[in-house]
Amino acid sequence: LFKDFLYFPQIDSTNNYVKENQENLKSATVVYAERQNAGRGRLGRSWTDLEKGVKMSIFLRLEVIDIEKVVPLTLFTGLIVNRVLRKYKVQSFIKWSNDILLNGKKVCGILTELSGEIEGAGNVIIGIGLNVNAASLPDELLEIATTLKKEIGMDFDRTKIIIEILKEFENELENFKKYGFSHFRDEYKSYCINLGREIIINGEKKAFCKDIGQNGELICVQEGREIKIQTGEVTIRW
Ligand code: BTN
């Protein structure tokens, strides 16, 4: 699947690079950076650049049929990263929609962006930021984020992790294209920490999470009514 692997010692953001150069990139190109000075997170946030991490973007050109699956594609990617971490015996969990948590703190974030839409087809950029071997974090992140090294107490081989993620992604992409998110739903649910808990949506309304839908939507009960939350629209905490 993966055609080109571009490596940058330093860049603003791998997602930006793909966005700016998508005309010239082959589908299934991976852009990897050792450091980012303007890494972006979801909901317009920035992504703090920690040393010795994994920061990469997967670029895919998708056909019309696939475009509808872009939202669940980001959940799919989270599941793949979680699966790889589990292979390393890391006790990670998924916080809907696609944060990976370790001991309750965020260890990986995913930013999926759609761009360059041409008559229904489109380009998708999946940015993955995984905190691996940094021994410490800035004070303001200590409560909410962590690294594999901090939690497990050892260094990880980042090259191996990248290869595992890309291999797993490639192996499962056909299933995802064929069957969509529903093929992965049981596995996703078994690691999703939101189920059976209350969440706060956009800082105000409380809701009880009871299920994950066939397309990855979060199904909650709020004031006796069932509501479905689609990814990308909300911030949640508990
Ligand atoms: C989140 O807010 O949880 C998503 C964070 C995504 C960070 C990654 S790092 C590689 C890629 N390039 C970026 O600028 N962002 C993503």
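# Exercises on a two-domain predicted model

**Exercise 1. Determine how strands β9 and β10 pair, and describe the turn between them.**

Step 1. Strand β9 (residues 205–212) and strand β10 (residues 218–222) run antiparallel and are joined by four bridges. Strands are DSSP runs of E with at least two residues, helices are runs of H or I with at least four residues, and both are numbered from the N terminus. Two strands count as paired if DSSP finds at least two bridges between them.

Step 2. Ile-212 has Leu-218 of β10 as its bridge partner.

Step 3. The two strands, β9 and β10, form a hairpin with five residues between them, and Gly-216 in the turn has a positive phi of about 90°.

The model is predicted: local features need pLDDT of at least 70, side-chain atom pairs count only at pLDDT 80 or more, and totals for chains, interfaces and linings use all residues. Residues are numbered from 1 along each chain as its sequence is written.

**Exercise 2. Continue from β10 to β11 and describe the pairing and the hairpin.**

Step 1. Strand β11 (residues 225–229) pairs with β10 in the antiparallel sense over five bridges.

Step 2. Gln-222 stands opposite Arg-225 in β11.

Step 3. Two residues lie between the strands of the hairpin of β10 and β11, where Glu-223 takes a positive phi near 45°.

**Exercise 3. State how the chain is divided into domains, and characterise the contact between them.**

Step 1. Domain 1 covers 4–191 and domain 2 covers 198–237; these bounds come from an automatic or database domain assignment.

Step 2. The C-alpha centres of domain 1 and domain 2 lie 23 Å apart.

Step 3. Domain 1 contributes 13 residues to the contact and domain 2 contributes nine residues. Two residues are in contact if their C-beta atoms, placed from the backbone, lie within 7 Å.

Step 4. On the side of domain 1 that touches domain 2, α3 (70–87) and α6 (185–191) each supply at least two residues. Helix α3 gives the most to that side, with four residues.

Step 5. By class, that side of domain 1 has seven nonpolar, four polar and two charged residues. Here Ala, Val, Leu, Ile, Met, Phe, Trp, Tyr, Cys and Pro count as nonpolar, Asp, Glu, Lys and Arg as charged, and the others, Gly among them, as polar.

**Exercise 4. Describe the shell of residues around the ligand.**

Step 1. There are 20 residues around the ligand, of which Ser-13, Gly-41, Gly-109, Gly-127 and Gly-129 come nearest. A residue is near a molecule or strand if its C-beta atom, placed from the backbone, lies within 6 Å of it.

Step 2. The elements giving two or more residues to this shell are α1 (14–21), β3 (54–62), β6 (105–118) and β7 (121–130).

Step 3. The shell divides into five nonpolar, 10 polar and five charged residues.

**Exercise 5. Explain why the buried residues of α1 line one face of the helix.**

Step 1. The buried residues of α1 are Thr-14, Asn-15, Tyr-17 and Val-18. A residue is buried if 20 or more other C-beta atoms lie within 10 Å of its own, exposed if 12 or fewer, and partly exposed in between, with C-beta atoms placed from the backbone.

Step 2. Seen down the axis of α1, the buried residues fall within an arc of 160°, so they line one face of the helix. The arc is that of the directions from the helix axis to the C-beta atoms.

**Exercise 6. Classify Thr-29 and Lys-95 by burial, and locate their contacts.**

Step 1. Thr-29 lies in strand β2 and is buried, because 20 other C-beta atoms are within 10 Å.

Step 2. Outside its neighbours within four places in sequence, Thr-29 is in contact with Lys-3, Asp-4, Leu-6 and Phe-59. The C-alpha atoms of Thr-29 and Leu-60, 31 residues apart along the chain, are separated by 7.2 Å.

Step 3. Lys-95 lies in strand β4 (residues 92–95) and is partly exposed, because 19 other C-beta atoms are within 10 Å.

Step 4. Not counting residues up to four places away in sequence, Lys-95 touches Leu-101, Ile-193 and Asn-194.
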